[in-house]
Every structure is written in C-alpha cells, then in structure tokens.
Amino acid sequence: MWIDNDRYRQYDDRDREAELKAMSPEERRYKAMSDATISIKDTASLENGKSIAGDSKDLEESSDQKTLSNGEFKTASEAVVKKLLRLMTPRLDSRIVSALLLEGMMDVFMGYIIRLPDDERAPDLASLSLEAKVKFAAHPRDLEDLEALKLSAHATELLCGTSANHHRLLNESFEIIASRLMETLLPTSIGHLNHFGRVFQQLVRRHMSDMLDYIILQDNATRLFDYILPYLNYGAVADALFSLMFFRDGDKETRDKRVKCYKRLCELGFLEWFLDVIQCAEYRGFSDDAKEFLLRMIEEASQMDNAEELFKSLQSEKGPDIIKSLVTSISDLGATRGRQLMVQVLRGLVMSGTPPVRASAMSQPVQGPLYGVCQHTRVLLSEHIPTLCKIITRDYDYAPLKIFSFTFMHVEILEIVYHALSDAPNKEKVLDALPAGFWKLFANLFFEKSSSSIFLTVYYKIFVLLVNIDYEPALVALLEKQDFITRIIDLYENKAQPTDARGHILLILNHLRLTSDANRPGYVHRVLSSHPRYEQFLPTLRADTLAQTDANYAWKLDTCPRPAPHLGPVPPLRPSLMFSVYNSATLPLMGAVDDHVDDGSGIELGSDFAYCLGFDNAAEHPNGMETPSNYHSRRNSIHSSSGDSCYSSESDSRPSSPNHYAGLDESFPVDLIFESLTPEEPPAVETKKKKKKKKPTFLEDE
C-alpha cells in the first residue's frame, strides 16, 4: 500500500502540536526536548551506524520524570543544541524546530555563532568615539579552535536553509536571531564574520522590511553606525550591508521603505560620516577601505531607482563644503593609495549620471538615477578646477626622477576636469584661473604620453571642449604659444618615430578644419588661414581621412561592425527636448532606402563624418570656396539647400539635430534618434548550395 509520506507527516505534526498545546509548560519542555533528542539520535545512527559522543544522560531513558525545571531545562538545552551541531550533516525536522522554538533555546543556539566569553562585559559602543570603534573592530578573532568553528558553521547552515522547517524557525525567531546576531560585532566577540554575513543576508532575503526597520529606521540607525560601519574593511560585513541597502525587490511597500531609509540616512549624516573617516589619519588602512566602500556605493546607487535621496547632502547647503573637503584631501595627500581612491570617488560622482553600461536602442534611457546629483556635483567642482590642474603641474614638477610624474591617477583628474568644465556656469572665468604653466604642460603631455590611448582619448575630449568654448586667450596659450599645430603635424609625418597618436592627430586637425569652415570670423579660421604648415599638410589630411571613411576593403568580422573613424558612441549622442545628452536613446536611420539618394559620403560639413564630430549644419559659404569638389557630399554641394531646415537636402533622411523633429510629428519620440555612421558593406549575394545525392542504403538495394 502506497502512503503519501508528506501528507502523513503534516497530519502527524498537527496532532503533535495540538498535544503539546494541551500540556503544561514544564511538560511541553520535556516532550519537545525528548523528541528532539530522539531525532538527533536517529540522524547520528544514519550517518555512522552508532550514536554520537556526548552526555550519557538521555531524556527519553527516564520513565518517571515528565517535566523539566528551569535549571534542568538550561542544562538539557545546551546538551541538545551541542549534539545537534556536532552531527556531520545536521538537519531540521519538525521535532527539532519545536524544541528550538522553546523559550531560551535560540539564545543557546545563537551563542555558538556569536561566541561571547561569559566572564567579559562588552563596552557601550554608543558612548565611544569613531577612533575607538575602529580600534575595537580590529580585535583578533579566534580561527584556531576548529571544533568551535565547525559548530558555528553548522549553526549558520541551519539558519540559511530553504526548507519549510528552516523558514518556520526563521520566521518565528526573527527578533531573537537578529538581535543576537548583532552581538557578533561586539568588541568581545570572537565569532567568525563570514558566518555573520551569511546569516545577515539570509535575514535580508526573508525579512527585508523588518531588517530595514531594525537596522536603519529604529533608534536613529545606531546599529548601522555603531556596529556595522566600523567593520567596512571586512568583505563579509560590507557585502551584507550592500545586500540591505541596494536590493532588487518587486514589492512596492518594500521599495517605498527603502526610499524612506535613504532619506533617513541622509538626515543622520551618512555621507558626512564617510568624510570623517576619510580624514582619520590614525587608521589610514580603514580610511582607504571606507573610500573603496563609498566608490562601490556610488556605482550601486547609479543603477538603483530613487537612490539620489542618499546623496541629497550634495545638493543641499552642505554640498560646497563636502566637495571642497574632497578636493582638499586630494591636494594634501601624497602619492598614496588613499589619494588614488579619493580621485576615483570624485570621478565616480561626476560620472554617476550615466549607468555603467549603455543599453540598446529601445530598452531603457541612458539618464541614470543620480543624474541630478551628478550635474550639481559638476557645477560645484567647476570652482575647484584650478586646484585640480595645480595638482597635476605640481606632481609633474616635483616628482622624484619623473618616475611618477604623470600616472593613471592624473588621467582621471583630467577626466574630472573635462566633465566639470563642460557644466561650468562661467567657463571663461575658470579658464582664466588656471595656474601658470598648465597649457605648456598640457601641450607637452600629448607628445610624452603618445603611446597611451586612454590618455589620448581624454586629451581629445578636452581639446574639443576648449575649441567649442572658443575662448581666445586659452586657444592662444595652447595653439600659438606652444606651436601645437606644427608640432603634431611634424609628429604625424615623422615615420621614423613610433607613436600611437596619429589617429588622434587626424581627429584634432579635422576638428580644427571643420570649425574653421563652420565659423569663418572665428579665431580658429584666422589661425589656420595664416598657418603655412597647416596649408601644406591639408591635402594629406584630407586624403588620409578619406581613406578612413571609405569602405575600400572588405570587413570580414561578422560579429563586430566596422569601427567608426571618430571617438565616442556609435552613433554620436545629440541633445533632445525631452532629456539631456545623457538620455538620448536611439533608433535606426529613418527614411526609405529607395528614396535615400545621398549616402553621406565626404568629409566636409554636412557629411556623416562631420556629423560624427559634432557638426550638424552645412558650410556657411554657398559655393564651397576652398573645398575641392571631389571631397563634397550632396549635403554641402551647391545643389543642396542649407539653412535652418532639419534636412540639408530633400533626399537626406538624417536630421541635423534630433531637436528638429519636435515640429514634424508630435507622435514621434524626440529622444529616440540615431543612425549608423560606419561604412556599410555591399550586400552579400547568397549562393545556393547544390544538394548532394543521397546514397542508397542497404535496404533500398534489396
């Protein structure tokens, strides 16, 4: 006869629970402990075929005694829990869970995880200073007693199980488990922090809302500031905190509570706490670990909705002081790991407006949750751009033997300068305040670091920004006083000198050339028109640029498109009416293929190449003037209709800017525009393969 064991067990458990409720507390203790002991003995016999070593006094052997006094219960509870944890593969069944849910049993159980000495009294952490908390957190923990570590590991496994019995134990004992687990972070505890982290994350998964209340919303987040944060240099504790602060949960109530926690932490000075730790000179190692935690927190928050509430301090009246403190710390520190981490934190703030991975066209916008914080941080940083530039010049001049004169950290500082200058309210004032000698160093670095593509990419971005600002004193200091144009042309033509900068040189000179054509009265046009070396090099510049843009050779990598001859995303982002440049999502090129006569060839204004470099409009001069006819595309020829229209010709399907679509079709999403700007391969002709004749089988022959 077949029996449904699970159903039978459920009815048996219900009868057993009803029987326990009818007993007195003392009888219930005895019955639960007796059943748990029997269950443990059964498990031990299944493992080794014999009972485990332990206390010889078994509860089930006593036929007269049916109750347990308080003293007897304490001794019995310790014996039962130890026997359970000594098993090779401890398991939870309903009898053991019933025993563990007795009053005082979970305290004994959790004692094997927290491992607090009985004769020592823990200090009051709320009354200690930050330095004292960090010092206590660094106390040694026992890793030598393998038997105690085994019992702690088994207790951790029993709390982190996924069966119904595990969930029942966790649900009915949540308050005891959570409160006793935090004692693992006391200065007198010698419990293993990895076991703490695993149980903590299990509580977060099963009781997210309750954990947010217990750790953050209750008692002004004292458990967070006094217990958890001093242990940030331990990976298990840091991961546990991240699982609490940046969880992905579909429950709206829990998400709302998370936002409430962010606001509460901002009110309690969560970000300011990190600034105090950063400036803690006595514990430099812990300070560096706190910077790494802050950097990771910025990265996680940039992908979490409503996470800007955690950084609202930067947008408040405290913001200028916070940014000034960060910049001052970078300036005061020497060439240390802490200084590099501080630069990375500052870089993370100015780049946090965009998620780390740009998604595909139709999936999601590019603007991130921290976009507002990012923009405000850049504005605040614009006042400190001269200080950041001074750091670069000072390190370059005073570095011993020039070994660490310019490192990757300085490249990151230049990237910070680029983003801060892009959003500076008064760019001309910032450029006037740059330290003396910066433009000379900036020009020389292009030739000294010409083998670093990362540096050259940042360099080109700053150069383009400087040309677009069109502030003549700064351009004079770079282009004329440093003879920059002549030097990069000489480097390009010097085939004997190995360099990786020739592609960036073409980009720089083409940007200057297109700027000159687009703005005739401007300073760049005046410089290029009177520059004999540039005029001599111009035919070579055009020929080599055309060689980059023309698809005159086959591209055989099917999994990777042909690379574009410009820096930046393909296609280049353009500002829209709905969002900023950080939120310009994309769609394929609009317009029917048959009606699209112009292929966007050429390298002059109006071509796809010029559009890649940020030049949307056609040339201002109607007759082409200095541009040879073979370099023209239809967009800038005398037959095209240039002007304020969104199209440069009737057959051109590419708008000069996505903003022009606003007046065309109200139903069209203004922020979803782009085109493929790499040369397309000719369509492949599919050849049909001849079918092979099927060989006759043995049966067919018969």
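Buried means under 20% relative accessible area and exposed means over 50%, with partly exposed in between. Keep that in mind for the close-ups below, which all come from a predicted model.

**View 1. Aspartate 219, a non-glycine residue with positive phi.** This one sits in the loop between α11 (208-217) and α12 (222-228). Aspartate 219 has a phi of about 55°, even though it isn't a glycine. Its relative accessibility is 47%, so aspartate 219 counts as partly exposed.

**View 2. Asparagine 306, another residue other than glycine with a positive phi.** Here phi is near 65°. You'll find asparagine 306 in the loop between α16 and α17 (319-332). Relative accessibility comes out at 38%, so asparagine 306 goes down as partly exposed too.

**View 3. Leucine 102, a buried loop residue.** Zoom in on the loop between α4 (94-100) and α5 (105-114), and leucine 102 is there. Its relative accessibility is 14%, and because the cut-off for buried is under 20%, leucine 102 counts as buried. Serine 77 is also worth picking out in this view: leucine 102 and serine 77 are 25 residues apart in sequence, and their C-alpha atoms are 9.4 Å apart in space.

**View 4. Helices α16 and α18 crossing.** For a pair of packed helices, the description comes down to the angle between the axes and the distance between them. The pair here is α16 (residues 284-301) and α18 (residues 337-350), whose axes come within 9 Å and cross at roughly 20°. Angles under 35 degrees count as roughly parallel, so α16 is roughly parallel to α18. As for handedness, α16 passes α18 in a left-handed crossing.

**View 5. The largest cavity and its lining.** The structure holds seven cavities of 30 Å³ or more, and this close-up goes to the largest, with a volume of about 80 Å³. Which helices each supply at least two residues of the lining? They are α20 (385-398), α21 (408-422), α22 (427-432) and α23 (438-448). Among the lining residues are Ile385, Cys389, Leu414, Val417 and Leu421. Further along the chain, the lining also includes Val430, Leu431, Leu434, Phe438, Trp439, Phe442 and Ile462. How do the lining residues divide into nonpolar, polar and charged? The split is twelve nonpolar, no polar and no charged.

Definitions and conventions:
Residues are numbered from 1 along each chain as its sequence is written. This is a predicted model: local features need pLDDT of at least 70, side-chain atom pairs count only at pLDDT 80 or more; totals for chains, interfaces and linings use all residues. Side-chain values use heavy atoms; hydrogens and water are left out. On a 1 Å grid over the protein atoms alone, a cavity is a set of points where a 1.4 Å probe fits but cannot get out, and a pocket is an open set with protein on both sides within 12 Å along at least five of seven lines; lining residues have an atom within 4 Å of a point. Grid points are joined across faces, edges and corners, and a volume is the space filled by probe spheres set on the points. Helices (H or I, at least four residues) and strands (E, at least two) are DSSP runs, numbered from the N terminus. Ala, Val, Leu, Ile, Met, Phe, Trp, Tyr, Cys and Pro count as nonpolar, Asp, Glu, Lys and Arg as charged, and the others, Gly among them, as polar. Buried means under 20% relative accessible area, exposed over 50%, partly exposed in between (1.4 Å probe, protein chains only). Axes are lines fitted to C-alpha atoms, for helices over the stretch in contact, and angles run from 0 to 180 degrees between N-to-C directions. Angles under 35 degrees count as roughly parallel, over 145 as roughly antiparallel, 65 to 115 as roughly perpendicular and the rest as oblique. A crossing is left-handed if the near helix is turned anticlockwise from the far one by less than a right angle, and right-handed if clockwise.
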